[in-house]
Amino acid sequence: MNLRVDLILESEQRSGSPVSGKGIVRIASLVVPAIIAFIVILGLLNVRAVSSTVKNREREWSRKKIQQEDAVTLRKAVVRNQAVWDEIESWRTTRTDVALLLAALQREVPASVQLVDLTFSDDFAFDEDKGVVRRLKLTINGLADGFKAKDAVEKLTRRLQTLPAFTNSIESAAVPPGAFAADRSPDAPKSRRVFRIECTFYESPLE
Amino acid sequence: MKLPEDKKQRVQVIILICMGIVAVLYVVLHAGIIPVTKGLENRKKKLSIVEDKIEKANRDIMQSKRHTVRNADLESKLVNASMAHLLQHEVGNFLLPAAHHIQKLVEESGIAKHSILGMGPLQLRQWNKRKNERTVMSYSVRVTVECAYSNLVLFADRMLADNPYVSFSGLRISAQKTQPEKHKMVLDIRWPIWIDLDAYDAYSQMAAQRAAEESNPEEDG
């Protein structure tokens, strides 16, 4: 019968494993604080580096700030001058060439028609949606002789509607109801007619 | 250091050690790691803000060259418009220069008789959707003439060709039975004028300054 007697006290017993629990605790007690210290030092160094970068960039910013202020002032001046220029230019772009209109009228009036009175107005009116607009109106009063007087007036009205160079500006040309009638002047021949043609133009908003 | 032999005491010591470790970790975390991390975050935030500002400044500065050219062009156009096309005034009087100008064109157009009446300035209403305050208003004169239709066409053509901003705000042509070849005409002529009369001086000074710079380009660098 084999008998094995263990004479080693419990306190004297050692682990047979190459990695002992105590060893791990000892190593951890050194490594963990070292890692924490390393992280803190690394963080501090990082803070220092970033602080230095911030200072450099702030110095750069204080230099550029003056240049930027000048640039912003210049940009505002451009915006202001552009607005003034647009306002002035709108006077040119929205005006009607009256000389061209009068010359065109001279050409388009049929031979049997005589103009007695011509009124043209170009008013600045205010529209809630468009602002200040140019409102143009042309009124022609005239006489037409002969049995084709009505045809002549209608021909003139049609020509006004399609007046070259004004097709985009004349909105309508029409003889209002009752505006074509016999001439009641004492010395007027029976075949003479008086008429009125009213032309309206498209409104052009002023800047 | 040896742990006590007694199991109960050993457990107590181990718990104490654990509590100590937790306390130390807490202190390290709150006194070391968190402040460092927060400090780093704050500085990075600050850096990001400053870099954004620099980037914006760089963009603005980059556009300066283009804006300088654009502004010079606009100023040049405004100077030209102010001096050549907006109606000038003589000590606040706009009728005299207008009458002088009309007199010249009337003569050139072969119109013998004319009379001029000042109708005064008219300030245009400010539209609430308009971003800027108005800078120009209108000044009108009424010209009464007796001439042939062709003379009027010639006069209107010269008037409009002479100034791209002038317009006829009203026109009335009436035939005369006694003189069929001559019509009675009433013309309302409208110019833009600066609302602020000082603008005339400002633009003429700008023109003088530009002329001086052009004659001495080396002084300007």
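Start by selecting residues 95-108 of chain B, which form helix α2, and then residues 149-162 of chain B, which form helix α3. Keep in mind that you're looking at a predicted model. Turn the view until you can see both helices: they pack at an angle of about 135°, and their axes are 9 Å apart. That angle makes α2(B) oblique to α3(B). Now look at how one helix goes past the other: α2(B) passes α3(B) in a right-handed crossing.

Next, show some side chains. Which residues make the contact between α2(B) and α3(B)? On the α2(B) side, pick B:L105, B:V106 and B:E108. On the α3(B) side, pick B:F155, B:R158, B:M159 and B:D162. Try colouring your selection by class: this contact has four nonpolar residues and three charged ones, with no polar residues.

Time to zoom out and select the whole of chain B. How many helices and strands are there in chain B? You'll find four helices and four strands. Trace the chain along its sequence and you'll meet them in the pattern α-α-β-β-α-β-β-α.

Why is chain B described as more spread out than a compact globule? Its radius of gyration is 40 Å, well over the 17 Å that the globule rule gives for 221 residues, so chain B is more spread out than that. Rotate the C-alpha trace to check its extent: along the principal axes, chain B spans about 145 × 50 × 30 Å.

Two last things to look for while chain B is selected. Buried residues make up 22% of its 221 residues. And of the contacts in chain B with a separation of 6 or more, 65% are between residues 24 or more positions apart.

Technical notes
Residues numbered from 1 in each chain as written. Chains lettered and ligands numbered in written order. Predicted model: local features only at pLDDT ≥ 70, side-chain atom pairs only at ≥ 80, totals over all residues. Axes fitted to C-alpha atoms, helices over the stretch in contact; angles between N-to-C directions. Helix = DSSP H or I, 4+ residues; strand = E, 2+ residues; numbered from the N terminus. Parallel < 35°, antiparallel > 145°, perpendicular 65-115°, else oblique. Left-handed = near helix turned anticlockwise from the far one by under 90°. Contact = placed C-beta atoms within 7 Å. Nonpolar A, V, L, I, M, F, W, Y, C, P; charged D, E, K, R; others polar. Rg over C-alpha atoms; globule rule 2.2 N^0.38 Å. Buried ≥ 20, exposed ≤ 12 C-beta atoms within 10 Å, placed from the backbone.
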